[in-house]
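Me: I've got a fold open on my screen and I'd like to talk it through, one spot at a time. Ready for some questions?

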Amino acid sequence: MKTNAHTAALIESADALVANAPMEAARLYAAAMLDDPASITAHNALETLKAPQAYGRWMHVNCLIDPRDDIFKFFANHEIAKNPIREYLSDGWRTLSELMVILETLDKPLLKMHSVLEFAAGFGRFTRHLVRALPGRVTCADVLPGSIEFLQAQFGAKTILSTHKPGSMIFPEQYELVFVLSMFTHLPPSMWRPWLLALATAVKPGGLLVFSVCNETSAREMGLAFAADGTHFISSSESPSLDADVYGTTYTTRQFVEEQVEGAVGRRSSHYFPYAFWVGQDAVVVQF
Ligand SMILES: C[S@@+](CC[C@H](N)C(=O)[O-])C[C@H]1O[C@@H](n2cnc3c(N)ncnc32)[C@H](O)[C@@H]1O
């Protein structure tokens, strides 16, 4: 990898050529990517130019990445990162296949869903793939500044600005599927029940709430001990944008998960899929 200054010079030269010599500009942006494989500026320029190197040409989704996306930074800074752009984009694809497998197992195929709420969508790691599968049927919510504007402008999703106060969350409609990936894995345990209560109001009768939690065995293998209530909360996360007291890292026992679901909706989860998502996240399904 070359210096930041070298990469910046390539990008500057490319920017100067974009209007009159787009293919030459693309060549320089691609050279900048070889310098710095995590350069969102060079990547986004290649996507906008629809250059031969653009991921959108073969992934057939909008591959623009928002520079504020902390999940992208998580990929870029990961110890095994080699090509963070490709790893980030294809990880959203992985989520799509993982969710589809769960829904197929339940005989509720994703493609048959008329309305889906992707709650805690971030800057659209997964959304870009979901909207391709379900055009016009996806609504997204998040709290991160700029996230819902990006999701709407780039992916055409309907959006809802979320809040840290679940009691004040109002959903404009109900959805056949409410999908929440890796939010409960960050919420303080005291916020689980209020959020489950709020999210339950967003599910249509007969619909599904699918959310992910950290796998209990994985946590124990990492040497983590649980408090008497079955939780282990750490006040730190991948996100510098969110206060660590409202968004940390949350490990839980299966019993805690079931108690929270039961306390919020009056019964246990209808299905539970260990290791369904990410490195060690289980999928919890509540049928309404
Ligand atoms: C680990 S990220 C996962 C993002 C996305 N689901 C994905 O898989 O790429 C967790 C997300 O939860 C969001 N979040 C945290 N608290 C939230 C809240 N109260 N309402 C909506 N989203 C929230 C964060 O802003 C962040 O985007």
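Me: This is a predicted model, so let's begin with Ser212: which strand is it found in?
Reply: We're working from a prediction here. Look along the chain for the strand spanning residues 203-214. Ser212 is found in strand β5.

Me: Is Ser212 buried or exposed?
Reply: The cut-off for buried is under 20% relative accessible area. Ser212 has a relative accessible area of 0%, so Ser212 is buried.

Me: Which side chain makes a polar contact with the side chain of Ser212?
Reply: Leaving aside neighbours within four places in sequence, Ser212 is in contact with residues including Val180, Leu181, Phe184, Phe277, Gln281 and Asp282. The polar contact is 2.6 Å, side chain to side chain, and the partner is Gln281.

Me: Over to strand β6, where Thr231 is found. Does Thr231 count as buried or exposed?
Reply: Anything under 20% is on the buried side of the cut-off. Thr231 comes in at 8% relative accessibility, and therefore Thr231 counts as buried.

Me: What is the length of the polar contact that joins the side chains of Thr231 and Asp229?
Reply: Set aside the neighbours within four places in sequence, and Thr231 is in contact with Pro189, Phe226, Tyr251, Thr252 and Phe256. Asp229 is joined to Thr231 through a side-chain polar contact, and its length is 2.8 Å.

Me: Phe256 takes us to helix α11. What does α11 reach from its first C-alpha to its last?
Reply: The helix covers residues 254-265, which is 12 residues. At 1.5 Å a residue, 16 Å is expected. The reach in the model is close to that, at 16 Å.

Me: Which residues in α11 are buried?
Reply: An α-helix has 3.6 residues a turn, so residues three or four places apart point the same way. With that in mind, scan α11 for its buried positions. They are Phe256, Val257, Glu258, Gln260, Val261, Ala264 and Val265.

Me: And what covers the buried residues of α11?
Reply: One helix to look at is α9, at 192-200. There are strands in the cover too: β5 (203-214), β6 (231-234), β7 (249-252), β8 (271-277) and β9 (281-287). So the cover includes α9, β5, β6, β7, β8 and β9.

Me: Which residue takes a positive phi just after α11?
Reply: α11 runs through residue 265. Just after it, the phi is about 85°, and the residue is Gly266.

Me: What do the buried residues of α9 pack against?
Reply: The buried residues of α9 are Trp192, Trp195, Leu196, Ala198, Leu199 and Ala200. They pack against β1 (116-119), β4, β5, β7 and α11.

Me: Now for the ligand: which of the 20 residues around it come nearest?
Reply: Start with the shell by class, which has 11 nonpolar, six polar and three charged residues. The ones that come nearest are Ala120, Arg125, Asp142, Ser162 and Thr163.

Me: How much of the ligand's accessible area does the protein cover?
Reply: A backbone N or O atom of Ala120 lies 2.7 Å from a ligand nitrogen. Polar backbone atoms of Thr163 and Leu181 also approach a ligand nitrogen, at 2.8 Å for Thr163 and 3.0 Å for Leu181. On its own the ligand has 590 Å² of accessible area, and the protein covers 97%.

Me: Where is Lys50, with its positive phi of about 50°, in the chain?
Reply: Lys50 isn't a glycine, yet it has that positive phi. Its relative accessible area is 59%, so Lys50 is exposed. As for its place, it's in the loop between α3 (40-49) and α4 (56-59).

Me: What relative accessible area does His60 have?
Reply: His60 is another non-glycine with a positive phi, about 55°. Its place is the loop between α4 and α5 (70-76). His60 is partly exposed, because its relative accessible area is 48%.

Me: Last one: which residues does Ser236 touch, not counting those up to four places away in sequence?
Reply: Ser236 has its place in the loop between β6 and β7. It counts as partly exposed because its relative accessibility is 40%. The residues Ser236 touches are Ala244, Gly248 and Thr249.

Methods
Residues are numbered from 1 along each chain as its sequence is written. This is a predicted model: local features need pLDDT of at least 70, side-chain atom pairs count only at pLDDT 80 or more; totals for chains, interfaces and linings use all residues. Side-chain values use heavy atoms; hydrogens and water are left out. Helices (H or I, at least four residues) and strands (E, at least two) are DSSP runs, numbered from the N terminus. The expected span of a helix is 1.5 Å times one less than its number of residues. Buried means under 20% relative accessible area, exposed over 50%, partly exposed in between (1.4 Å probe, protein chains only). Contact means heavy atoms within 4.5 Å. A residue is near a molecule or strand if one of its heavy atoms lies within 4 Å of it. A polar contact is a pair of N or O atoms within 3.5 Å; within protein, one must be able to donate a hydrogen and the other to accept it, and residues adjacent in sequence count only if both atoms are side-chain atoms. Accessible areas come from the Shrake-Rupley method with a 1.4 Å probe; for residues, only the protein chains shown count as cover. Ala, Val, Leu, Ile, Met, Phe, Trp, Tyr, Cys and Pro count as nonpolar, Asp, Glu, Lys and Arg as charged, and the others, Gly among them, as polar.
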